[in-house]
Amino acid sequence: MGMQQMLTDIYGRISQVLDKALEGLTPEDVNHQPKPDCNSMGWLTWHITRGQDRVMADLMGVEQLWVKDGWHAKFNRPADLEETGLRHSVEDLAAFRSPGVDTLLGYHHAMLERLNRYIGGVSEAELNRQMDHPRYRTVGARLAGNIGDNLQHAGQVAYLRGQLKGIGWLGA
C-alpha cells in the first residue's frame, strides 16, 4: 500500500465510523449531551469536519467549503473561518444545534471528496514541505495531527451512539 492509499484509507475509515454511528438518528439524538458540559454527536461530527476543512483549505491554498459552499448557513452558524469548536465554552456547547444527520454527513462527505483529491496528488516532497505553524512544522505533521484528532472524536461519536442506543447498534 502506498502513502496516498494509506491516507485515503484512514480518512475513509473515519467517515465510515461517522456514517454508521449517525445512521437513523434524529436531530434530538445527535444533539443529546450526556451532561451539560459534554459534546454531542452532532457537535463532534461538525468539529471533525470543520477541522478537516480548515486544514485542507490551508494546505491547498483554497477557500474553506464552510463558506464557499454555504455550509455555515445550513448549520445556522456565522461564516467564521476560524470557528472550528476549539475553545468552545460550556455555554457554546449547549447552544450548538446540529441541523440533522443529512446535513452533518453532507458537509462531511463534501469534505472527504476534497481530502481525497488533495491526497491523490500529494507527494513525499509535499508531506515534507515546511510550514509556518505553531504546532506543526511540516505538511505531514499537520495531516498526522488532524488524523489523530479525527480518530479520537469519531470514537467519541461511536461511544455516544452506544451510550444512547445501547448494545447492538453496529449490527454485530
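**Aromatic cluster, helix H1 and selected residues**

In the predicted model, Trp-43 and Trp-46 are both part of helix H3 (residues 41-60), where they stand three residues apart, about one turn of the helix. An α-helix has 3.6 residues a turn, so residues three or four places apart point the same way. Both side chains belong to buried residues, Trp-43 as well as Trp-46.

A search of the whole structure returned seven aromatic pairs. One of them joins Trp-43 to Trp-46, with 6.1 Å centre to centre and 55° between the planes, a tilted arrangement. Trp-66 and Phe-75 also form a tilted pair, with a centre-to-centre distance of 5.5 Å and 50° between the planes. Trp-66 has a relative accessible area of 0% and is therefore buried. Phe-75 likewise counts as buried, because its relative accessibility is 3%, under the 20% limit. These four residues belong to one aromatic cluster, which is made up of Trp-43, Trp-46, Trp-66, Trp-71, Phe-75, Phe-96 and Tyr-107.

Two members of the cluster also have a basic side chain over the ring. The charged end of Lys-74 is placed over the ring of Trp-71, at 4.0 Å from its centre. Over the face of Trp-46 lies Arg-77, with a distance of 5.5 Å from the ring centre.

Helix H1 (residues 3-22) comprises 20 residues. From its first C-alpha to its last, H1 reaches 29 Å, close to the 28 Å expected at 1.5 Å a residue. The buried residues in H1 are Leu-7, Tyr-11, Gly-12, Ile-14, Ser-15, Leu-18, Ala-21 and Leu-22. They pack against helix H2 (27-31), H3, helix H7 (101-120) and helix H9 (139-165). After H1 comes Gly-24, with a positive phi near 75°.

Helix H7 was examined at two positions, Val-101 and Arg-114. Val-101 is located in H7 and is buried, because its relative accessible area is 15%, under the cut-off of 20%. Apart from neighbours within four places in sequence, Val-101 is in contact with Leu-22, Leu-25, Val-30 and Gly-106. Leu-22 is one of the buried residues of H1. Between the C-alpha atoms of Val-101 and Ala-73, which are 28 residues apart along the chain, the separation is 15 Å.

Arg-114 is also located in H7. Despite its charged side chain type, the residue is not exposed: with 5% relative accessibility, Arg-114 counts as buried. When residues up to four places away in sequence are not counted, Arg-114 touches Asp-53, Met-56, Ala-57, Met-60, Val-62, Glu-63, Gln-64, Leu-65 and Lys-68. The contacts of Arg-114 thus include the acidic residues Asp-53 and Glu-63.

Backbone geometry was considered next. Most residues other than glycine have a negative phi, and most peptide bonds are trans. Asn-76, which is not a glycine, has a positive phi near 55°. Asn-76 is found in the loop between helix H5 (71-74) and helix H6 (90-95). With a relative accessible area of 72%, Asn-76 is exposed. Arg-87 is not a glycine either, and its phi is positive at about 70°. Arg-87 is placed in the loop between H5 and H6, and its relative accessible area of 77% makes Arg-87 exposed.

Methods
Residues numbered from 1 in each chain as written. Predicted model: local features only at pLDDT ≥ 70, side-chain atom pairs only at ≥ 80, totals over all residues. Heavy atoms only, no water. Phe/Tyr/Trp six-rings, centres within 6.5 Å; stacked < 30°, edge-to-face > 60°. Helix = DSSP H or I, 4+ residues; strand = E, 2+ residues; numbered from the N terminus. Buried < 20%, exposed > 50% of the residue type's maximum accessible area, 1.4 Å probe, protein only. Lys NZ or Arg CZ within 6 Å of the ring centre and 35° of its normal. Expected span 1.5 Å × (residues − 1). Contact = heavy atoms within 4.5 Å.
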